[in-house]
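Got the viewer open? Load the model, switch to cartoon, and keep a selection box handy. We'll go stop by stop.

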Amino acid sequence: AYERRFPTCPLIPMFVASDTVNEYKSEDGAIHVIERRCKLDIDAPRLLKKIAGVDYVYFVQKNSLNRRERTLHIEAYNETFSNRVIINEHCSYTVHPDNEDWTCFEQSASLDIKSFFGFESTVEKIAMKQYTSNIKKGKEIIEYYLKQLEEEGITFVPRWTPPVACKSESSTSHPRRPVSPAINIPESATKEGLSSKEILTTSSSPSEPTAGTPDDKLDADYIKRYLGDLTPMQESCLIRLRQWLQETHKGKIPKDEHILRFLRARDFNIDKAREILCQSLTWRKQHQVDYILDTWNPPQVLQDYYAGGWHHHDKDGRPLYVLRLGQMDTKGLVRALGEEALLRYVLSINEEGLRRCEENTKVFGRPISSWTCLVDLEGLNMRHLWRPGVKALLRIIEVVEANYPETLGRLLILRAPRVFPVLWTLVSPFIDDNTRKKFLIYAGNDYQGPGGLLDYIDKEIIPDFLGGECMCEVPEGGLVPKSLYRTAEELENEDIKLWTETIYQSASVFKGAPHEVLIQIVDASSVITWDFDVCKGDIVFNIFHSKRAPQPPKKDSLGAHSITSPGGNNVQLIDKVWQLGRDYSMVESPLICKEGESVQGSHVTRWPGFYILQWKFHSMPACATTNLPRVDDVLASLQVSSHKCKVMYYTEVIGSEDFRGSMTSLESSHSGFSQLSAATTSSSQSHSSSMISR
């Protein structure tokens, strides 16, 4: 039954094709080993596939059948992106020690994502989701082929013995990706039904809750008033989980409403709900989330530029949160505050939501455990797809999904522009299926028609910016001034540590002392990518190539300049005796970048070797028509009187084997965010290129 799914299986749409790479059979027929290369069409967002540069991924699967020992071992690992993602899977079928008519099935798998173009969490989410769905479908697939064999009259497979076949046994096997419990042979199917031993590291079998005893009862009025409709089984699950927390958990026990959210998020599977609840309680204690509303005051920049706030309630009594995402400068907020402060602010919003749910429960006299979120996308464009900003958004969604389940009652997305599907493909894998069912998306002015906003919100409280009569006090957002941007070091000194990773580094550039970054390329046609902001002064950005490695990087003491570097991050690699054209060569035209500009770009390498990214101090040229300096030159010279510039940068290399995109699309360009600076918009160079964003 197992072998019939090769070279492809119509029941597994993602399994496109397979080729036999190696095959071995022992002379006595006891051992049969076959190795295949399988082609899979992974259900991943189209944009992610485009970034990765592949349409299909390849796995190598090795199946070892030992008829003497009556075992089947299946090993699989990924061939595609093996330098970035490591997937190993092992399945085994053995005979049950107590009943030879039963087959034991065991499975283990590991996933290790080293790097994936900044979308590591997205890939992990996709992999786990696909893996779980394949496990569920595994039983259906193996039964399909067993039935096919029965229809052909094959209901019996003799057990292998060296000289003569003995009493028959049946041992069914199973494919590599979709897995399922082992299936009994037809003769024994009537004994115990489908009996198997399952060890699944990614999907444990749900534990069925039993109905509560007479003592395990909650007051009916209490349930109706604070918890809502519960079946006896659901009520028992709540009592048992609460009792377990009281006996084992050291610390604050959450309220019944909060425990109930985790149970609902896992369909009242106590084991699964207990696992995620314990993880959340540990997280809350570690980061003092219970006290965030009383001890943390949002920075002024958040109060001024974060375009979100609470606004009355919907028709069901749920608190209503309004977010004008299209008016929000995501990049500016991340640059000015860092990801951690932004996350902490989102957590404070969720904590406030929990508090408002309790208040509305008292006001309306019925249980209200979730809120409604209204997201206005008017103004959303490609600048909102700034990669570090999207990455920060995805990480925030991850934290919220894990610690505030079943708190979103309804999400109304209004005035979705054409660019919205691109953002949706990146965000949707992070959102639970149950949560996604609560989304209502309206394009243009559709929200004003039948089935629109009036079905969920009273006319009297529709915000004024949506054509209503109610004044909404939510900030209008707008661009965050670059004067508020802070360096990675400044952000790192904050005492907020909800996550510790930062992808940006900062560097100082001095006159005569550029900052240089070394990148070693092994394979030609790799892609070097960069994203940097010029925080102070004007710089020239260069890329050089050398066949030989430069001397070990040294931090410039700047003694000759009588200047000290507070951050100390000024590294020079190019030796003073090196000559351009002999020891190293320039591979990109120099790019002059003004103070306040943001630059993103990529370079496709032509040769292996050593590449050096250089940020160099830009001296103001003398005026060609007059000896008198221009006003702009004087102002600029005053700004950089210390001959010091500062940049914040991020670089990454995409391997040649992982890149299959268009070479012509990878070019240096200024981001649309360069318009944030008044000095930048006055520059004809940056203005002409600011329409392009990479």
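Start by colouring by pLDDT, the predictor's confidence in each residue, from 0 to 100. The protein averages 76, and 76% of its residues reach 70 or more. This is a predicted model, so local features here need pLDDT of at least 70 and side-chain atom pairs count only at pLDDT 80 or more, while totals for chains, interfaces and linings use all residues. Residues are numbered from 1 along each chain as its sequence is written, and side-chain values use heavy atoms, with hydrogens and water left out.

**Stop 1: the low-confidence stretches**

Select residues 165-216, where pLDDT stays under 50. The model has 139 contacts for that stretch beyond four places in sequence, a contact being heavy atoms within 4.5 Å. Now select 633-641: pLDDT stays under 50 there too, with 8 contacts beyond four places in sequence. Where pLDDT is low, the predicted coordinates should not be read in detail.

**Stop 2: a cis peptide**

Go to F6 and P7 and show the backbone: a cis peptide bond joins them, with omega at about 5 degrees. P7 sits in the segment before strand 1 (15-25). Strands are DSSP E runs of at least two residues and helices are H or I runs of at least four, numbered from the N terminus.

**Stop 3: the hairpin and its neighbour**

Next, select 71-78 and 85-95. These are strand 4 and strand 5, paired antiparallel over 6 bridges; two strands count as paired if DSSP finds at least two bridges between them. To check the register, put H73 on screen and look across to S92 in strand 5, which stands opposite. The two strands make a hairpin with 6 residues between them, and F81 in the turn has a positive phi of about 55 degrees.

Add 103-113 to the selection. That is strand 6, joined to strand 5 by 11 bridges and running antiparallel to strand 5. Here E89 has A109 of strand 6 as its bridge partner.

**Stop 4: the open sheet**

Which strands come next to each other in the mixed sheet? The order is 8-9-10-11-12, 5 strands forming an open sheet. At the edges are strand 8 (308-313) and strand 12 (439-443), each pairing on one side only. From one strand to the next, the twist averages 20 degrees; axes are lines fitted to C-alpha atoms (for helices, over the stretch in contact), and angles run from 0 to 180 degrees between N-to-C directions.

Walk across it. Strand 9 (319-323) runs parallel to strand 10 (371-376), with 4 bridges joining them, and Y321 has C373 of strand 10 as its bridge partner. Strand 10 then pairs parallel with strand 11 over 6 bridges, where L374 stands opposite L412 of strand 11. To get from strand 10 to strand 11, the chain goes through helix 12 (387-403) in a right-handed β-α-β crossover; right-handed means that, with the strands pointing away from the viewer, the path from the first strand over the helix to the second runs clockwise. Strand 11 and strand 12 also pair in the parallel sense, over 4 bridges, and I413 is partnered by I441 in strand 12.

Turn on the surface around 408-416. Because 9 of the 9 residues of strand 11 are buried, this strand is largely enclosed by the rest of the structure. Buried means under 20% relative accessible area, exposed over 50%, and partly exposed in between (1.4 Å probe, protein chains only).

**Stop 5: two phi outliers**

Most residues other than glycine have a negative phi. Select H312 in strand 8: its phi is near 55 degrees. With 44% relative accessibility, H312 is partly exposed. R415 in strand 11 also has a positive phi, near 55 degrees, but R415 is buried, at 16%.

**Stop 6: the helices**

Back to helix 12. Its 17 residues reach 25 Å from first C-alpha to last, close to the expected 24 Å, which is 1.5 Å times one less than the number of residues. Helix 12 is mostly covered, with 12 of its 17 residues buried, including V390, L394, I397 and V400.

Finish on 339-364. This is helix 11, lying across strand 8, strand 9 and strand 10 and running at about 10 degrees to strand 8. Zoom in on S348 in this helix: S348 is buried at 9% relative accessible area. Leaving aside neighbours within four places in sequence, S348 contacts I292, L293 and W296.
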